[in-house]
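Q: I am new to this structure. Please take me closely through one part of it: any cavity, and the residues that line it.

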Amino acid sequence: MERAALHYLERYSASAEMLRRTLARRVEKRARAREEDPASFAELIEATVARALSAGLVDDARFARARLATLRRRGTSTRGVSAKLAAKGVPRAVVEAAMEAEREEADDDRQAVEAEAALAYAKRRRLGPFRRPDQRAAHRDRDLAALARAGFGYGLARDTVDAEPDGTDRED
């Protein structure tokens, strides 16, 4: 079990819950092949996860900070980040602490962090200012909807879509 955990952690950064789920899947697969009860291995899984935590191989706070930075670079909204980290099994308090640290690094300017993420999302998806100039007006509503589905507020989506191609607002 420890060998499987180490092999997984060598390849991937993981939260404690991700490691727990991975080990449980492996145990279930092997138990099914041997016609055993996978529930009998629950204590072994928990002990392995506890050893990984105590050894520092798994740290939910470190994982949340690193994943938050990655998701922000890709253009993920605050709502999207929360949902993705929750899906990875990171506790809500750890996610909030990571976001608070991100805000402190950005001098408590939450809107700036969110605006950068919205611009990165628009660039990656070629929305608004990153669309061909002759298509911008025709696709404005679709671009707004795409940003809204990604978790950005209407005001921020509107500002992002209506921004000039060089990244500055028209109102400046």
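A: Helices here are DSSP runs of H or I with at least four residues, numbered from the N terminus. The model is predicted, so local features need pLDDT of at least 70 and side-chain atom pairs count only at pLDDT 80 or more, while totals for chains, interfaces and linings use all residues. Residues are numbered from 1 along each chain as its sequence is written, and side-chain values use heavy atoms, without hydrogens and water.

Now the cavity. A search of the whole structure finds one cavity of 30 Å³ or more. (A cavity is a set of points on a 1 Å grid over the protein atoms alone, where a 1.4 Å probe fits but cannot get out.) The largest cavity holds about 40 Å³ of space. That volume is the space filled by probe spheres set on the points, which are joined across faces, edges and corners.

Next, the lining, whose residues have an atom within 4 Å of a point. Arg72, Thr78, Glu102, Arg103, Arg110, Val113 and Glu114 line the largest cavity. Two helices each supply at least two of these residues: H6 (92-105) and H7 (110-125). H7 gives the largest share, three residues. Those three are Arg110, Val113 and Glu114. From H6 come Glu102 and Arg103.

Last, the chemistry. Five lining residues are charged (Asp, Glu, Lys or Arg), one is polar and one is nonpolar. Nonpolar means Ala, Val, Leu, Ile, Met, Phe, Trp, Tyr, Cys or Pro, and polar means the others, Gly among them. Val113 is the nonpolar residue of the lining, and Thr78 is the polar one.

Definitions and conventions: On a 1 Å grid over the protein atoms alone, a cavity is a set of points where a 1.4 Å probe fits but cannot get out, and a pocket is an open set with protein on both sides within 12 Å along at least five of seven lines; lining residues have an atom within 4 Å of a point.
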